[in-house]
Amino acid sequence: MTLALGIDPGIATTGYGLVRLEPDGELVAVKYGVILTPKEEPVPARLEMLYRALRALLKKFHPDTAAVEKLFFQRNVSTALAVGQARGVALLVLQQAGVESFEYTPNEVKQAVAGYGSADKKQIQDMVRVLLQMDEIPKPDDAADALAIAITHLNTRRYE
């Protein structure tokens, strides 16, 4: 069994999803959710909150591997910078914990989960629900995205 942590980074909201690959090939959602940081806090404090929350998650679940969404072109430069800072924190925490990390673009995730690189958010969320045999689409969206990243990683690594 392999346990993968998927991370959808953001400074205000970071989604996380832990997915286990069973020996029979079944994918199982173990835990998912979001890490929120208050917008009234200064950026360094928010990054530290994210750092501590991710460390606690790693200590509790001990994933074997992890995947983080790659930064892609953003029209809003300040949003891109904030996402980049959150990505850096996530990658640092994984490195410090000795968890090998991989990165996937949003299009790679869409292609791997829905079979179509231009799939919309609803299609991805519904495929996550189907692939993990869940009764409902996981909420919030950032958590569903993180589960999709973990699924992408497990399936990509399985076929390499």
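Confidence varies among the elements of this predicted model: helix 1 has the highest mean pLDDT, 98, and helix 2 the lowest, 90. For the protein chain as a whole the mean pLDDT is 93, with 96% of its residues reaching 70 or more. A general caution still applies: where pLDDT is low, the predicted coordinates should not be read in detail.

Helix 1 makes a good place to begin. It comprises 19 residues, 43-61. At 1.5 Å a residue, a span of 27 Å should result, and the end C-alpha atoms are indeed 27 Å apart, so expectation and model agree. Buried positions in helix 1 are Arg46, Leu47, Leu50, Leu54, Leu57, Leu58 and Phe61. These residues lie on the same side of the helix, because the arc they cover around the axis is only 110 degrees. The other side of helix 1 carries the exposed residues Pro44, Arg52, Lys59 and Lys60. As for packing partners, the buried residues of the helix meet strand 1 (2-8), strand 2 (13-21) and strand 3 (27-36), along with helix 2 (77-96). Just after helix 1 comes His62, with a positive phi near 50 degrees.

A second point of interest is Ile149, found in helix 5 (residues 141-158). Its relative accessibility is 1%, and Ile149 therefore counts as buried. With neighbours within four places in sequence left aside, Ile149 contacts Gly6, Ile7 and Asp8, as well as Ala67, Val68, Glu69 and Val109. Pro38 offers another reference point: 111 residues separate Pro38 from Ile149 in sequence, and their C-alpha atoms are 25 Å apart in space.

Technical notes
Residues numbered from 1 in each chain as written. Predicted model: local features only at pLDDT ≥ 70, side-chain atom pairs only at ≥ 80, totals over all residues. Heavy atoms only, no water. Helix = DSSP H or I, 4+ residues; strand = E, 2+ residues; numbered from the N terminus. Expected span 1.5 Å × (residues − 1). Buried < 20%, exposed > 50% of the residue type's maximum accessible area, 1.4 Å probe, protein only. Arc of directions from axis to C-beta. Contact = heavy atoms within 4.5 Å. pLDDT = per-residue confidence, 0-100.
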